Amino acid sequence: MEYINNTKVYKNLVSRDTQRTHMYTEKLELLEKYLIEEYQKLITSFESYTKHDWTHTINVLNYMYDLLDDPSKFTEEDLMLMIFTALLHDIGMAWSTNEVKILLPNVNQDEKITEIIRVKHGEFAEIKINKMV
């Protein structure tokens, strides 16, 4: 993995070295490959906002992990949920031009589209995540 393998939470997860952690790391590898493509859409769609790239996502993940009092008290599932949450927290903002035409067929102005997606990106994330499952 290119991005998350150096995070504290990922290192904690793989250090547990169980059958489940191996399964989880395989899932994370697939998710990261998917997100590499999706993040390109996000970076070009929201140029005027905080840069939503891998650095931003990894920072969110590290901040979340740093908030834990005692990470050893958290299960592998808890750590996976934390990783998935951080990785997917802005996925509802990642849409290609063609996808936007389908998602918002009656909206033509770029500024209006960007604002609608920004406000509703939680709802739009559900669409993306449901397509992944």
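Buried here means under 20% relative accessible area, exposed means over 50%, and partly exposed is in between (1.4 Å probe, protein chains only). This is a predicted model, where local features need pLDDT of at least 70, side-chain atom pairs count only at pLDDT 80 or more, and totals for chains, interfaces and linings use all residues. Side-chain values use heavy atoms, with hydrogens and water left out, and residues are numbered from 1 along each chain as its sequence is written.

**View 1. The whole protein, with six helices and zero strands.** Helices (H or I, at least four residues) and strands (E, at least two) are DSSP runs, numbered from the N terminus. Starting there, the elements go α-α-α-α-α-α. The C-alpha atoms fit a box of roughly 50 × 25 × 25 Å along the principal axes, and 40% of the 133 residues are buried. If you take contacts between residues at least 6 apart in sequence, 73% of them join residues at least 24 apart; contact means heavy atoms within 4.5 Å. The accessible surface comes to about 8,300 Å², with 52% of that belonging to carbon and sulfur atoms (Shrake-Rupley method, 1.4 Å probe; for residues, only the protein chains shown count as cover).

**View 2. Confidence along the model.** pLDDT is the predictor's confidence in each residue, from 0 to 100. The average is 86, and 93% of the residues score at least 70. Helix α1 does best with a mean of 95, while α5 (residues 97-103) has the lowest confidence, at 81. Where pLDDT is low, the predicted coordinates should not be read in detail.

**View 3. Helix α1 packing on helix α3.** Residues 8-15 form α1 and residues 54-66 form α3; the two pack at about 65°, their axes 8 Å apart. Axes are lines fitted to C-alpha atoms, for helices over the stretch in contact, and angles run from 0 to 180 degrees between N-to-C directions. The pair is therefore roughly perpendicular (65 to 115 degrees; under 35 is roughly parallel, over 145 roughly antiparallel and the rest oblique). On the α1 side you'll find Lys-8, Val-9 and Asn-12, meeting Leu-61, Asn-62, Tyr-65 and Asp-66 of α3. By class, that contact has three nonpolar, two polar and two charged residues. Ala, Val, Leu, Ile, Met, Phe, Trp, Tyr, Cys and Pro count as nonpolar, Asp, Glu, Lys and Arg as charged, and the others, Gly among them, as polar.

**View 4. Lys-8 in helix α1.** Lys-8 is partly exposed, at 40% relative accessible area. Leaving aside neighbours within four places in sequence, Lys-8 is in contact with Asn-62, Tyr-65 and Asp-66. Tyr-65 is 57 residues away along the chain, yet the two C-alpha atoms are separated by 7.3 Å.

**View 5. Asp-17 in the loop between α1 and α2 (19-45).** Here's a backbone oddity: Asp-17 has a positive phi of about 45° although it is not a glycine. Asp-17 is exposed, with a relative accessible area of 52%.

**View 6. Tyr-39 in helix α2.** Tyr-39 is buried, at 3% relative accessible area. Beyond four places in sequence, Tyr-39 is in contact with Asp-53, Trp-54, Thr-57 and Leu-87. Ile-91 sits 52 residues from Tyr-39 in sequence but 7.7 Å away in space, C-alpha to C-alpha.

**View 7. Lys-128, a buried lysine.** Lys-128 belongs to helix α6 (residues 110-132), and its relative accessible area is 3%. Not counting residues up to four places away in sequence, Lys-128 touches Tyr-34, Glu-38, Lys-41, Ile-91, Ala-94, Trp-95 and Glu-99.
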